[in-house]
Amino acid sequence: MSADLAQLVTTIAQRARAASLALATATPEQKNAALTRLAELIASSQDALLAANARDLAEAKNNGLSDAQIDRLTLTPARIAQLVESVRQVVALTDPVGEVLEDATRPNDLRIRRVRVPIGVIGIIYEARPNVTIDCAILCLKSGNASILRGGREIFNTNTAFAALIPDALRHAGLPADAVQLIPTTDRAALNTLLKLDQYVHCIIPRGGESLIRFVTENATVPVLKHYNGICFVYLDAAADADIAERVTVNAKTSRVSVCNSAEQLLVHRDAAETLLPRVARALVAKNVSLRCDPASAAILAGENIPHTAATEADYRTEFLDYVMAVRVVDSLETAIATINRDSSAHSDAIITRDEPTARRFLAAVDSAAVFWNTSTRFNDGFEFGFGAEIGISTDRLHARGPMGLRELCSYKFLVEGTGQVRE
């Protein structure tokens, strides 16, 4: 790696740290003014943004990317309008900075408050979606964090065009332009430098495929917030309502198969399998889902002439991200819980049942970031949770778990006020 590239990234991080100290004390009005200005700039720059995106799309086609991959890269006037609206929605969200989490007075009259504050400098490493540059920038800005953005090569021109709008918006509100910076290269060596700048960078959030996330985690000395994959389960209990079981399972699997909160695994209680599984399986097959079955579920589906194939052991721990679902029959609720805690990725798991004690046991015992009763795993999303937006979903145990909205982009500090007290 060239010394010049390492110095470039280090300088970006140093400037971001300086900007973060100013941004931490910015008023909600300043931050909202910057976001409002950014929304205006995105809307008025549509032609330039589409032109930059067209260059990325031309390169993508030359590099043999699939139609689905190219669609992920593509900007349209409608998608730009949606992005403008998302910025305005963040303006309307409550500013989390300064929120008092605890306020207590000790017997010696010391007043101790725990107050929400920004993390500081957040690095976001992401791949091919053109909206991520703006999404990450605005969420970090609203939560008082400086951000360093490093996107993928497939969308470099589009990311650069979006990032060029942000300094104007920041200066418009009297905020430091270095509060949001895009690393101006996709050289992997630049990423290696960023991941080790723990003197200036306080958190890394990778957004992308498992290989990217594992690379970041294995090479970073900066703390990382992440989830590797989404191996999500739906468990149909013996007391499941058949209508709800069908509707929720189909939604969890097929509403969008390529996302991390899509269900990949189906468990069915043995006492309900003969009647419930054929109905749910037919609905899934009608949506073009390929079912990979254990011997017990295969025997039931074979008796009903429902298409299926035999599952491998690997299928039971796979994130398919496709119209594929693994199916198993289990003997009890406790077996279902144990199976999920062993084979899931602790992301999003659901139970369908009319029996409340059973549901309560499942909700308490399944060790995942989000656990659902009679509803779809697809609701594990910051917008759906009422956060307004999210920067990602974490399956980590420390600091943030589940959808990471504005509050999850903050830490806290203690403010201690006295009148001359000393410790005896």
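**Salt bridges, sheets and overall form of the predicted model**

D343 is buried, with a relative accessible area of 3%. In this predicted model, the side chain of D343 forms a salt bridge with that of R342, at an N to O distance of 2.9 Å. R342, in contrast to its buried partner, counts as exposed at 56% relative accessibility. The pair belongs to a network in which salt bridges with shared partners join R317, R328, R342 and D343.

The number of salt bridges comes to 24. One of these links R292 and D315, whose side chains meet at 3.1 Å, N to O. R292 is located in strand β9 (residues 290-293), whereas D315 sits in the loop between β10 (309-310) and β11 (324-330), so the salt bridge ties together parts that are 23 residues apart in sequence. D315 is buried, at 8% relative accessibility, and R292 is partly exposed, with a relative accessible area of 26%.

A further salt bridge joins E40 and R37, with 3.7 Å between the closest N and O atoms. Both residues are part of helix α2 (residues 28-44), where a spacing of 3 residues places them about one turn of the helix apart. Relative accessible area is 38% for E40, which is partly exposed. R37 is likewise partly exposed, at 25%.

Two of the sheets are described here. In one open sheet, 4 strands are arranged in the order β5-β4-β3-β6 with parallel pairing. The edge positions are held by β5 (180-182) and β6 (203-207); each has a single partner strand, so one side of each has no neighbour in the sheet. On average, neighbouring strands of this sheet are turned by 20° against each other, direction ignored. Pairing between β4 (residues 146-150) and β5 is parallel and extends over 3 bridges. Within this pairing, S147 has V180 in β5 as its bridge partner. Helix α7 (residues 156-172) lies across β3 (121-126) and β5, and runs at about 155° to β5.

The other open sheet contains 3 strands in the order β1-β2-β16, and its pairing is antiparallel. Here β1 (100-105) and β16 (410-417) stand at the edges with a single partner strand each, so one side of each is left without a neighbour in the sheet. The average turn between neighbouring strands of this sheet is 20°, direction ignored. Strand β2 (residues 111-118) pairs with β16 in the antiparallel sense over 8 bridges. R111 stands opposite E417 of β16.

Taken as a whole, the protein chain has 14 helices and 16 strands. Its radius of gyration is 24 Å, close to the 22 Å given by the globule rule for 424 residues, so the chain is as compact as a globular protein of that length. The C-alpha trace spans about 70 × 70 × 40 Å along its principal axes. Buried residues account for 51% of the 424 residues in the chain. Of the contacts between residues at least 6 apart in sequence, 72% join residues at least 24 apart. The accessible surface of the chain is about 18,700 Å², and 49% of this area belongs to carbon and sulfur atoms.

Conventions. Residues are numbered from 1 along each chain as its sequence is written. This is a predicted model: local features need pLDDT of at least 70, side-chain atom pairs count only at pLDDT 80 or more; totals for chains, interfaces and linings use all residues. Side-chain values use heavy atoms; hydrogens and water are left out. Two strands pair if DSSP finds at least two bridges between them. Axes are lines fitted to C-alpha atoms, for helices over the stretch in contact, and angles run from 0 to 180 degrees between N-to-C directions. Contact means heavy atoms within 4.5 Å. The radius of gyration is taken over C-alpha atoms; the globule rule is 2.2 Å times the number of residues to the power 0.38. Buried means under 20% relative accessible area, exposed over 50%, partly exposed in between (1.4 Å probe, protein chains only). Accessible areas come from the Shrake-Rupley method with a 1.4 Å probe; for residues, only the protein chains shown count as cover. A salt bridge is a side-chain nitrogen of Lys or Arg within 4 Å of a carboxyl oxygen of Asp or Glu.
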